[in-house]
Amino acid sequence: YTDSFIETDLDNLFTNIERSGAKCLFVSMPDTRDERIASRQAQIIEISKTAAQGRCSFFDSTTVTKYPDEGGDGIHYSGSEELDAISTTWAEAVFKEFSKQL
């Protein structure tokens with residue numbers, strides 16, 4: 001997707017959340033090894049962070065994930081003990097951040 005598509009999509013998301021009166025925690029994409037995504041990862045996260053600013057709390061999943069150099073499909077965190085452990089650590093970190101927001 002283009003940057004402008006992502007920005008518009010996120011704006012619509014946050015507008016709907018604001019209209020509902022809900023609070024939100026936006027959880028970014030995790031680290032990836034897939035080259036198609038990895039080359040845009042930092043840019044997508046920055047766009048997301050900027051879009052969320054003042055509208056939604058933001059959690060950067062790349063701070064608690066590092067996709068291994070080998071194994072898996074380069075995107076998903078499942079299918080091996082190592083990937084499962086990373087996804088569990090990620091889930092616990094997101095839950096901890098979410099709990100602070102309550």
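# A walk from the disulfide outwards

Start by selecting C24 and C56: both are buried, meaning under 20% relative accessible area with a 1.4 Å probe and protein chains only, where exposed is over 50% and partly exposed is in between. This is a predicted model, so local features need pLDDT of at least 70 and side-chain atom pairs count only at pLDDT 80 or more, while totals for chains, interfaces and linings use all residues. Residues are numbered from 1 along each chain as its sequence is written, and side-chain values use heavy atoms, with hydrogens and water left out.

**The disulfide**

Show the sulfur atoms of your selection. A disulfide joins C24 to C56, S to S 2.0 Å; the term stands for a pair of cysteine sulfur atoms within 2.5 Å. C24 sits in the loop between α1 and β1 and C56 in the loop between α3 (41–52) and β2, so the bond ties together parts that are 32 residues apart in sequence. The count by this rule comes to 1 disulfide.

**Zoom out**

Switch to cartoon and colour by secondary structure. You should find 4 helices and 2 strands, in the order α-β-α-α-β-α along the sequence. Helices (H or I, at least four residues) and strands (E, at least two) are DSSP runs, numbered from the N terminus. The C-alpha atoms fill a box of roughly 45 × 35 × 15 Å along the principal axes. Of the 102 residues, 29% count as buried. Now for contacts, defined as heavy atoms within 4.5 Å: among those with a separation of 6 or more, 65% are between residues 24 or more positions apart.

**The aromatic rings**

How many aromatic pairs does a search of the whole structure find? There are 4. Rings of Phe, Tyr and Trp (its six-membered ring) pair if their centres lie within 6.5 Å; planes under 30 degrees apart count as stacked, over 60 as edge-to-face and the rest as tilted.

Select F14 and F26 next. Their rings pair edge-to-face, 5.8 Å centre to centre with 70° between the planes. F14 belongs to helix α1 (residues 3–20) and F26 to strand β1 (residues 25–27), so this pair ties together parts 12 residues apart in sequence. F14 is buried at 1% relative accessible area, and F26 counts as buried at 17%. Add F58 to the selection, and you have one aromatic cluster of F14, F26 and F58.

Then jump to Y67 and Y77, another edge-to-face pair: 4.9 Å centre to centre, 70° between the planes. Y67 and Y77 are both in the loop between β2 (57–59) and α4 (81–101), 10 residues apart. Y67 is buried at 1% relative accessibility, and Y77 is buried at 13%.

**P30, on the way past Y77**

Stay with Y77 and pick P30, in the loop between β1 and α2 (35–38). Is P30 buried or partly exposed? At 27% relative accessibility, P30 counts as partly exposed. Leaving aside neighbours within four places in sequence, P30 is in contact with Q41, S61, T62, T65 and Y77. Draw a distance from P30 to T62: their C-alpha atoms are separated by 4.8 Å, although the two are 32 residues apart along the chain.

**The largest pocket**

Turn on a surface and look for the largest pocket, with a volume of about 270 Å³. On a 1 Å grid over the protein atoms alone, a pocket is an open set of points with protein on both sides within 12 Å along at least five of seven lines, and lining residues have an atom within 4 Å of a point. Grid points are joined across faces, edges and corners, and the volume is the space filled by probe spheres set on the points.

Which residues are closest to the centre of the largest pocket? Of the 13 that line it, they are Y1, I6, M29, I44 and S48. The elements giving two or more residues to the lining are α1, β1 and α3, and α1 has the largest share with 4 residues. By class, the lining has 9 nonpolar, 2 polar and 2 charged residues; Ala, Val, Leu, Ile, Met, Phe, Trp, Tyr, Cys and Pro count as nonpolar, Asp, Glu, Lys and Arg as charged, and the others, Gly among them, as polar.

Click on S48 in helix α3. S48 is buried, at 6% relative accessible area. Beyond its neighbours within four places in sequence, S48 is in contact with L10, F26 and F58.

**Last stop: R40**

Finish at R40, in the loop between α2 and α3. R40 is partly exposed, with a relative accessible area of 23%. Leaving aside neighbours within four places in sequence, R40 is in contact with Y1, T2, D3 and I6. Draw one more distance, back to F26: R40 and F26 are 18 Å apart, C-alpha to C-alpha, and 14 residues apart in sequence.

Technical notes: On a 1 Å grid over the protein atoms alone, a cavity is a set of points where a 1.4 Å probe fits but cannot get out, and a pocket is an open set with protein on both sides within 12 Å along at least five of seven lines; lining residues have an atom within 4 Å of a point.
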